Amino acid sequence: MIRGINPSPALTFPAMSQAVRAGELLVLAGQVALDEDGNLVGAGDPVAQAEQCFRNIEQLLALGGGSLRDVVKLTCFLA
């Protein structure tokens with residue numbers, strides 16, 4: 001069974017789930033520095049933005065039944 005996971009209505013986008021669980025596998029989509037209300041966190045502050053991205057990742061992992069200890073691969077793009 002495949003199930004989409006979206007933590008907040010403000011972070012729900014058409015045709016996209018923040019994370020998808022398929023059996024034991026949880027795959028997260030790209031994360032940006034938006035809080036649960038859809039507001040940008042840390043405008044002009046890359047450290048604050050990265051911290052928000054990881055908070056979002058932690059929240060998605062928890063909703064999917066996991067934690068950061070369960071992550072086996074992470075790709076990070078900085079601009």
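## Asp-45, just ahead of the helix

Asp-45 sits in the loop that links β3 (25-28) to α1 (46-63); helices here are DSSP runs of H or I with at least four residues, strands are runs of E with at least two, and both are numbered from the N terminus. Asp-45 is partly exposed because its relative accessibility is 34%, where buried means under 20% relative accessible area, exposed means over 50%, and partly exposed is what falls in between (1.4 Å probe, protein chains only). A polar atom of the Asp-45 side chain lies 3.2 Å from the backbone nitrogen of Val-47. A polar contact is a pair of N or O atoms within 3.5 Å; within protein, one has to be able to donate a hydrogen and the other to accept it, and residues adjacent in sequence count only if both atoms are side-chain atoms.

A word on where this comes from: the model is predicted, so local features need pLDDT of at least 70 and side-chain atom pairs count only at pLDDT 80 or more, while totals for chains, interfaces and linings use all residues. Residues are numbered from 1 along each chain as its sequence is written, and side-chain values use heavy atoms, with hydrogens and water left out.

## The strands

Let's walk through the strands. β1 (residues 2-5) and β2 run antiparallel and are joined by 4 bridges; two strands pair if DSSP finds at least two bridges between them. β2 also pairs with β3 in the antiparallel sense, over 4 bridges. Arg-21 in β2 has a partner on each of these strands: Arg-3 stands opposite Arg-21, and in β3 the bridge partner of Arg-21 is Leu-26. Ala-19 has a bridge partner in β3 too, namely Leu-28. The β2 and β3 strands form a hairpin with 2 residues between them, and Gly-23 in the turn has a positive phi of about 65 degrees.

Which side chains of β2 point to the buried face? Along β2 (residues 19-22), they are Ala-19 and Arg-21, while Val-20 and Ala-22 point to the other face and are not buried. In a regular strand, side chains alternate between the two faces of the sheet.

## Loop residues around the strands

Ser-8 and Met-16 belong to the loop between β1 and β2. Ser-8 counts as buried because its relative accessibility is 9%, and its side chain reaches the backbone oxygen of Glu-36 at 2.5 Å. Met-16 is partly exposed, at 31% relative accessible area.

Ala-29 lies in the loop between β3 and α1, and with a relative accessible area of 24% it is partly exposed. Ala-29 and Met-16 are 13 residues apart in sequence and 8.4 Å apart in space, C-alpha to C-alpha. For Met-16 and Gly-44, the separation is 28 residues in sequence and 27 Å in space, again C-alpha to C-alpha.

## Two cysteines, no bond

How many disulfides are there? The count comes to 0, with a disulfide taken as a pair of cysteine sulfur atoms within 2.5 Å. The closest cysteine sulfur to that of Cys-53 belongs to Cys-76, and at 7.6 Å it is too far for a bond. Looking from the other end, Cys-76 is in no disulfide, since the nearest cysteine sulfur, that of Cys-53, is 7.6 Å away.

Buried or exposed? Cys-53 is buried, with a relative accessible area of 17%, whereas Cys-76 is exposed at 53%.

## The helix and the segment after it

Leu-60 is in helix α1 and is buried, with a relative accessible area of 1%. Its C-alpha atom is 20 Å from that of Gly-42, and the two residues are 18 apart along the chain.

Leu-68 is in the segment after α1 and is partly exposed, at 39% relative accessible area. Together with Phe-54, Val-71 and Leu-74, Leu-68 makes a nonpolar surface patch of about 320 Å². Patches are made of residues with over 30% relative accessible area and no salt bridge, joining like charges within 9 Å and nonpolar side chains (Val, Leu, Ile, Met, Phe, Trp, Tyr) within 5 Å. A salt bridge is a side-chain nitrogen of Lys or Arg within 4 Å of a carboxyl oxygen of Asp or Glu. Accessible areas come from the Shrake-Rupley method with a 1.4 Å probe, and for residues only the protein chains shown count as cover.
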